[in-house]
Amino acid sequence: MTTLHIDNVSRWFGNVVAVNDVSMTIGPGVTGLLGPNGAGKSTLINMMGGFLAPSTGTVTLDGQTVWRNEQIYRHIGIVPEREAMYDFLTGREFVRANAELHGLGAAEAQRALATVEMEYAQDRKISTYSKGMRQRVKMASALVHQPSVLLLDEPFNGMDPRQRMQLMDLLRAMGAEGRTVLFSSHILEEVEQLAAHIEVVVAGRHAASGDFRKIRRLMTDRPHRYVVRSSDDRALAAALIADPSTAGIEVDVKEGALRIQAVDFGRFTELLPRVAREHGIRLLTVSPSDESLESVFSYLVAA
């Protein structure tokens with residue numbers, strides 16, 4: 001098992017604190033790193049990858065310090081957000097150069113290019129690549145030594161829908177193999193599709209960790225919102241509104257549904273089926289309307 005431990009890590013640049021006393025554990029599988037622009041995501045990834053030393057605290061991989069540890073670097077692949085590359089090289093030359101740094105040859109470089117479907121453009125200079133192509137050749141370079149840990153900073157930038165789906169499939173497969181994959185993204189839908197486990201940083205601090213649905217349910221100070229369709233919406237609304245677990249109910253005639261705010265998640269989930277059964281009302285659909293990753297993220301950032 002390969003696990004990254006970030007223990008009470010801070011990093012500052014002059015008077016600017018980019019990361020402030022963050023602790024988290026990143027284990028096998030796919031983890032999404034979320035946060036608004038300037039939250040410290042790239043700084044964290046650079047410290048995890050050994051590109052940047054923490055000002056305080058430690059980053060370790062299976063108990064070994066990452067910073068200035070050459071043997072650890074052989075287990076880590078990193079795809080930085082920045083676009084700056086060696087534009088005078090071809091894609092094949094770029095990936096081959098990283099292979100040689102790891103003591104590998106042309107066969108491994110070719111395998112990595114095939115993995116990201118860049119063989120067709122491998123002999124073109126990087127200066128002619130689109131942003132999405134640059135991302136894919138950086139990915140090939142990071143994969144050339146088959147790392148057990150893969151760190152990706154906004155990897156989907158510039159990719160078209162087909163390329164994004166291909167990369168998502170690749171990352172899912174790597175996570176299923178037991179590799180440790182962490183990626184940041186500002187597109188919440190991508191994170192929701194790919195990573196059940198999330199880490200959230202806001203203003204340099206660690207704001208939340210875990211399955212985003214479980215995080216939402218722990219936010220007891222915010223009502224939970226549901227859309228409910230039943231065989232008798234008005235009768236159900238009248239029966240529910242009297243209970244203290246229900247803060248408000250709106251009858252949406254156009255949609256043929258009830259929009260319910262529940263202030264007590266546990267009590268409400270027990271109340272709804274019981275009330276429906278007692279009044280002979282059939283529940284057709286019950287769906288949370290604010291358990292999306294976007295809702296959780298907006299709550300955390302606003303907190």
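In the predicted model, the buried residues of helix α6 are Q163, Q166, L167, M168, L170, L171, M174 and G175. Helix α6 covers residues 161-176, 16 residues in total. The distance from its first C-alpha to its last is 22 Å, close to the 22 Å expected at 1.5 Å a residue. At the start of α6, the backbone nitrogen of R162 is approached by a side-chain oxygen of D160 to within 3.1 Å. Just after the helix, G178 adopts a positive phi of about 100 degrees.

Strand β8 spans residues 180-184 and contains T180. T180 has a relative accessible area of 1% and is therefore buried, the cut-off being under 20%. With residues up to four places away in sequence left out, T180 is in contact with T2, with I26, G27, P28 and G29, and with S148, V149 and L150.

One of the residues in contact with T180 is I26, and residue 26 also closes the range of β2 (16-26). Strand β2 belongs to an open sheet of four strands, ordered β2-β1-β4-β5 and paired in the antiparallel sense. Its edge strands are β2 and β5 (64-65), each of which pairs on one side only. Two bridges join β5 to strand β4 (residues 56-61), again in the antiparallel sense. Across this pairing, Q64 in β5 is the residue opposite L61.

Another open sheet of four strands follows the order β12-β13-β11-β14, and its pairing is antiparallel. The edges are occupied by β12 (246-252) and β14 (283-288); each has a single partner strand, so one side of each lacks a neighbour in the sheet. From one strand to the next, the twist averages 20 degrees. The antiparallel pairing of β12 with strand β13 (residues 257-262) extends over six bridges, and R259 in β13 is the bridge partner of E250. Helix α10 (residues 265-278) packs on this sheet and touches β11 (224-230), β12, β13 and β14. The direction of α10 makes about 10 degrees with that of β11.

The loop between β12 and β13 includes G256. A relative accessible area of 36% makes G256 partly exposed, because this value falls between the cut-offs of 20% and 50%. Residues R229 and D233 are touched by G256 when residues up to four places away in sequence are not counted. For D233, the separation from G256 is 23 residues in sequence and 8.0 Å in space, C-alpha to C-alpha. R229, the other residue touched by G256, falls within the range of β11 (224-230).

Three aromatic pairs are present in the structure. In one of them, formed by Y86 and F88, the ring centres are 6.0 Å apart and the planes meet at 70 degrees, so the arrangement is edge-to-face; the cut-off for this class is over 60 degrees. Y86 is exposed, with a relative accessible area of 51%. F88 is likewise exposed, at 57%. Both values are over the 50% cut-off for exposed residues.

Technical notes: Residues numbered from 1 in each chain as written. Predicted model: local features only at pLDDT ≥ 70, side-chain atom pairs only at ≥ 80, totals over all residues. Heavy atoms only, no water. Pairing = 2+ DSSP bridges. Axes fitted to C-alpha atoms, helices over the stretch in contact; angles between N-to-C directions. Contact = heavy atoms within 4.5 Å. Phe/Tyr/Trp six-rings, centres within 6.5 Å; stacked < 30°, edge-to-face > 60°. Buried < 20%, exposed > 50% of the residue type's maximum accessible area, 1.4 Å probe, protein only. Expected span 1.5 Å × (residues − 1). Polar contact = N/O pair within 3.5 Å; in protein donor to acceptor, adjacent residues only side chain to side chain.
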